[in-house]
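The following paragraphs go from the whole chain to one of its helices. Please keep the sequence and the coordinates at hand while reading.

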Amino acid sequence: MSQSLELLLIQFLMPDNDARRQAEDQIKRLAKDPQVIPALVHHLRTAKTPNVRQLSAVLLRKKITGHWAKLSPQLRQLVKQSLIESITLEHSPPVRRASANVVSIIAKFAVPAGEWPDLLPFLFQCSQSAQEDHREVALILFSSLTETIGVAFKPYFTELQALLLKCLQDETSNRVRVAALKAVGSFLEFTQDSNEVIKFREFIPSILNVSRQCLASGEEDVAIIAFEIFDELIESPAPLLGESVRTIVQFSLEVCSSQNLEVNTRHQAIQIISWLAKYKSSSLKKHKLVIPILQVMCPLLAESSNGDENDDLAPDRAAAEVIDTMALNLSKLVFPPVFEFASLSSRNANPKFREASVTALGVISEGCLELMKDKLEPVLRIVLEALRDPEQMVRGAASFALGQFAEHLQPEIISHYESVLPCILNALGDASNEVKEKSYYALAAFCENMGEEILPFIDPLMGKLLAALQNSPRNLQETCMSAIGSVAAAAEQAFVPYAERVLELMKNFMVLTDDDDLRARARATELVGIVAMSVGRMRMEPILPPYIEAAITGFGLEFSELREYTHGFFSNLAEIMDDGFTQYLPHVVPLAFASCNLDDGSAVDIDDSDGDDNVSGFGGVSSDDEAHDEPRVRNISIRTGVLDEKAAATQALGLFALHTKSSFAPYLEESLKILVRHSGYFHEDVRLQAVIGLKHMLTAANAALNGHAEGPARAKEVMDSVMKIYIKTMTEDDDKEVVAQACMSVADIIKDFGYMAVQSYIPQIVEATLVLLREESACQQIESDSDIDENDMEHDEVLMDAVSDLLPALAKSMGPQFAPIFSNLFEPLMKFARSSRPPQDRTMVVACLAEVAQDMGSPISGYIDTVMPLVLKELASSEATNRRNAAFCVGELCKNGGDSSLKYYGDVLRGLYPLFGDSEPDDAVRDNAAGAISRMIMVHPEAIPLNQVLPVFLKVLPLKEDREESMAVYSCVSNLILSSNPQILSLVPELVNLFAQVVVSPDETTEVKAQVGRAFSHLISLYGQQMQPILSNLSPAHANALAAFASKS
């Protein structure tokens, strides 16, 4: 075989394609015989040309696994010996590397079986050889062996570490240093033991030295290997970087600031900063690196991109991403320096810096939203000024920033509509299409959360938008439609005069079929749904059929975004039509199913070459070694269109179920299967919609199964499926928004279905709630090497507000029976009330305690001494929300705390008193303070100095904002009158005037008005004609309304 194989190997390397193919077929046939192994080993050692030797090694690597077990011990020894000789004696580097790859494969079997005891000693010896080639190939082998027999290295870890450090510092050979870098990377990937991982900290200075030397000598590809290692270190959960963070950041900043380096090298350096901001943000804070980073990143925003505008590697884009990540993770430290940069750069003569100024503000608006809301005036001044800049790039960036503000700085940004909307209106007429497009985006984002404030602007806005819709290129028409949608949503019924014109125009867009027009068709489909929501069912239902037909037809055009928006369109129609939508279910539910069942379409780029096969071109012989040939995934990109489509379809199924209820019965089973599957989907957007939709399925199932013989059993099955997923999601899902939604859904189910329906799940719900309160769930995990400073913790609004709603939901359903459960939850909840926590955390606790006290009742008395000092302190908070919740809470504690709360009455009255004065700017705070006084009077009137309290109390009535306090407040006043309390009867003129205002108020319920009517009747019965002068001071409308309610009582 040996002779014929040699000829075939030579023939395979010929340029003649036919000869190559013949040789390949023959080699494949011969390769089935185990004797091919000694033959290939022979040619590896004796063939005259390096190409044949290399090809022999490549074929050995591919076939050795299948034949190894069939070889005699003598042959196995020969193979191992020949490979060692090839590595040490071979002159050709590609042959040496190819031989090393075969060693790596054989070692996987031989080393664990104890058949190659001298391999590791040989490698250690090789790595210390005087010959550069030997040192390099030993390191290459250490790298590849780590993947196959890493466990075998464990006893030698300390020696290996010393060896790698020494090779990293090899002064004579760059190839050895590169191989050492790669070996470090392999070991890092393999090592799980955090004690071993920490030792890699010592490598960082050497890695930095190698990188600096390579950058100086123009070997940027090696510097990039170093960044890949830092990447691995940063993403490691082990506390890995320590003091080295500072040097890594300094080096990365040097590299990304060097304009003479390749774009890719600079991008890798910026990426390191980005990963640090994402995974090790507290390390950046601890080492005071935030400002140095921003001092480099902000000016990078002003760097011109060379060449392709869409180049994602461009430093300005990468810098924006870093600033965004830092803002999300370190908002308090990021806002001041970025705002300072923006203020200074906004006046720079260089337009790139003026553009960078507003770009920076736009980029941080999501992460720094609370701080920006406090500085909205000066921030807006910079951006609105930039909107009038002579340079197009500056105006475009300003429009983008305004859109970001409108998205993230709600609701505060809306109060500036008088200055913002005219500027946007002006920008809609900009000479530049790019500025126009970004202005439509800003307008769409701004109007989305507006209400009646938009009415004065609706006419000029719609004039410009309708004109643009008919006379603009497609991309502008698309953003223009988004803007019209936002105006329609804000204007509601006031949009009716424009609806007919808009809907007529949309007909033309909804029949477009050219590929380039499908995005516009998608926007038009979305817009019809939004207009339908604004004008309502009565106006839309008669004209719907052609739009529905166009939407269903469009579904067949194979354009994911159009299908996504079509699901949204049908969701909106279901919402306005309720049971009227039932007739369309047979047409639209199958479309939602189709989208939900789409292939995920993950586009994966496979690289299964070693470099050897490319040299020889020998890809045709299949490999026996699947493990070694496991493809390396270079790049995974998910088809995001499919993802968005799935999320929209999942949402649609939930809304169809919610609005058509029992009519959704035929589709319930399949929909449930899909939503259960999607609750574990890899992307959080789809999981979120599944978690929301499951609650709607439960509602529909209960409606559909009501009255059926098997109804209760089937409804329990659905409840079991849904609750199981929610409880699992609460502790195991890693996305806070998804977990928050699961908590809210559980709270809603408890409220809607009652205690009996959820009784069997209570222990698991409580356990999951405990995990979340202790901040131990999957979505609350933080970097392990961070020293979290409680003073810098930010309120987790998305998650913890939802978690804290679970306690009142349980209390409401269980009443006093909630007491033993509350005793377990109390301590973990109170952790959020420490003075070191943010004010939002403390008020969350106070609001939760108030609602628990309200519904649990008397068992709250056991907690009064612990919580009362906190609540009294919160009454004096600088935050209105905190004062409001504290006032509500103190009232509920006094009402339900029995004698335990009585001793605090004096302190409570002193704490509430300032909330009744002119210094209190917030009406809702004052209303809640009035509610608290009412509850105190109702339970312990003898403990209140009514002669002092009542005049102050009545002075702030009627209630201005929080009508939830109406029943408590007006019942208290009425009961005092009905019991003929002398203190209140001395205030009859004030009472009559108050009652008159209550009975004419459109915001008060008939129940409240009836209560007031009874009290007024009692006053008439007590004082008769004496009341006449007081009544004559009222307006006729007030007097008549009072008389009407008195006569009903």
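What percentage of the contacts in the protein chain with a separation of 6 or more is accounted for by residues 24 or more positions apart? In this model, which is predicted, such residues account for 74% of those contacts. The protein chain has 56 helices and two strands, and its C-alpha atoms fill a box of roughly 130 × 75 × 70 Å along the principal axes.

Of the 1049 residues of the protein chain, 56% count as buried, while the accessible surface comes to about 44,600 Å², with carbon and sulfur atoms contributing 50% of that area. The protein chain carries 90 positive and 142 negative charges, and the mean positions of these two sets lie 2 Å apart.

Helix α31, which spans residues 545-554, shows how burial is arranged within one element: Y547, I548, A550, A551 and G554 are buried there. These residues lie on the same side of α31 because they cover an arc of only 160 degrees around the axis. The general background is that an α-helix has 3.6 residues a turn, so residues three or four places apart point the same way.

What do the buried residues of α31 pack against? Their partners are α28 (496-509), α29 (518-535) and α32 (560-577). On the face of α31 that is turned away from this buried side, the residues E549 and T553 are exposed, so that the helix presents buried residues such as Y547 and I548 on one side and the exposed pair E549 and T553 on the face turned away from it.

Definitions and conventions:
Residues are numbered from 1 along each chain as its sequence is written. This is a predicted model: local features need pLDDT of at least 70, side-chain atom pairs count only at pLDDT 80 or more; totals for chains, interfaces and linings use all residues. Side-chain values use heavy atoms; hydrogens and water are left out. Helices (H or I, at least four residues) and strands (E, at least two) are DSSP runs, numbered from the N terminus. Buried means under 20% relative accessible area, exposed over 50%, partly exposed in between (1.4 Å probe, protein chains only). Contact means heavy atoms within 4.5 Å. Accessible areas come from the Shrake-Rupley method with a 1.4 Å probe; for residues, only the protein chains shown count as cover. Lys and Arg count as positive and Asp and Glu as negative; His and the chain ends are not counted. The place of a charge is taken as NZ of Lys, CZ of Arg, CG of Asp or CD of Glu. The arc is that of the directions from the helix axis to the C-beta atoms.
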